[in-house]
There are 2 protein chains.
Amino acid sequence: MTVTEEPKPRRLTPKGRATRDRIIEAATELIARNGVAGTGIEDVRAAAGVSGSQLYHYFDSKQALIRAVITRQADSVLHPDQPRVTALDSFDALRAWADAAIERQRENGCRGDCTLGSLAGELSVSDEESRTDLATGFLRWKDLILDGLRAMRDRGGLRADADLDELALSLLTALQGGVLLSQTMLHVRPLEAAMNASLAYVHSFATTAGR
Amino acid sequence: MTVTEEPKPRRLTPKGRATRDRIIEAATELIARNGVAGTGIEDVRAAAGVSGSQLYHYFDSKQALIRAVITRQADSVLHPDQPRVTALDSFDALRAWADAAIERQRENGCRGDCTLGSLAGELSVSDEESRTDLATGFLRWKDLILDGLRAMRDRGGLRADADLDELALSLLTALQGGVLLSQTMLHVRPLEAAMNASLAYVHSFATTAGR
DNA sequence: CACTTTCTGGGTTGTTCTGTCCAGAACCGT
DNA sequence: ACGGTTCTGGACAGAACAACCCAGAAAGTG
């Protein structure tokens, strides 16, 4: 099952890379608002300001484009300009992370947040390859949270017998599920409730010294 | 925004109702496995064993069919043969409810559970009317949980100052988000972690007498 | 400055899928 | 039994959409 990664344009010129990025960006935007099924190649073409065969010059198929969007979203949590996720290693940091997510959701009226969770509902059943990509993204995300929790434990803030993997998963699930329900109910309360619950869960493993 | 409910066949004969139900059932099955976008009218037609114009005799459009599926799923939690949800009024009952969900997920290999959550990811962004139906379903579901929690509080098992609405929402979100991530990662741990977290959250509002 | 590779535009094809039409069979009330 | 309604079958139109092709411009490479 080891597939060659990107068999399309073997080498990209700077200009080419820029165009490719523009396409992915436009696709991400559209998918966030209309979903995968509701976003046609033609729509992406128009939004990206490219024409016709461009899309198939850079991507083998619509599916390949979607997968690129997924990968981009999964990676966006890691290295780039998201400083808040780099230090989820204290109760305050976790709380701030949750609040930021809630605030972001509130800002755009509980709509159009293109998290992996929104894509998962649409793709994980129908497209096996996309499902794998999404699972990888979730796993990476979870590991990031896990790193923070490990730091907390090593520092003595969390009990040694705490199942950190479970805690990290509960935080991730709360975020994804909360965003999903918030988008559907057009209210931030589901997200708030879910984050509060999992934060409390983490908190219940705090050492007396840790807080 | 008050839309007439079902403008299609004004009166249904017993036979007609049976056919209609069969179509909805087949559609539910297919959607659970292939998603909404991955399920065509033709597929439903074949699976239900009906032919051609039947579908449009009972439903105005594909969207109408989808909405019927949503409504059916939303109602299935309420009156029918699901006795376990009728009594979510103790810690043990909540635990059993969570375990049942986890077990069900494990049984079918984390696939094909047609919960509202799976539909939400696909529909809440693209189709406003379906989003409303889903939101109504979630709300009803939440109220059901809420009833149980109220009973617990009135019986003295939960503290009077507990925000029962928040607790109910956290349970619901944990279930939906957990199923979603479990389906994507093909593992029940996300669901387990999420349910454990929200159950612990509820538990943290228990009175000393209550347990 | 040749020469190759990459990039871009637009038109086109072929398929897939929703939704419609029409005619006949079964069913229901009276 | 009769007239009207509901149900069923299959064929068909029409749109939406992914994907392909060709030719030319631009840019990188020696």
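1. DNA strand C has 20 residues around it, and S53(A), Y58(A), I41(B), Y56(B) and K62(B) are the closest; a residue counts as near the strand if one of its heavy atoms lies within 4 Å of it. Of the strand's atoms that come within 4 Å of the protein, 65% belong to sugar and phosphate.

2. This is a predicted model, in which local features need pLDDT of at least 70, side-chain atom pairs count only at pLDDT 80 or more, and totals for chains, interfaces and linings use all residues. Residues are numbered from 1 along each chain as its sequence is written, chains are lettered from A and ligands numbered from 1 in the order in which they are written, and side-chain values use heavy atoms, with hydrogens and water left out.

3. Three side chains of chain A have a polar atom by a phosphate oxygen of DNA strand C: Y58(A) at 2.8 Å, H57(A) at 3.1 Å and S51(A) at 3.2 Å.

4. Chain A and chain B contribute 46 residues each to their contact (heavy atoms within 4.5 Å). About 3600 Å² is buried between them, 66% of it from carbon and sulfur atoms; this is the accessible area (1.4 Å probe) that the two parts lose on being put together, summed over both.

5. There are 6 salt bridges across this interface (a side-chain nitrogen of Lys or Arg within 4 Å of a carboxyl oxygen of Asp or Glu). One of them joins R189(A) to E166(B), at 3.4 Å from N to O.

Note on methods: A polar contact is a pair of N or O atoms within 3.5 Å; within protein, one must be able to donate a hydrogen and the other to accept it, and residues adjacent in sequence count only if both atoms are side-chain atoms.
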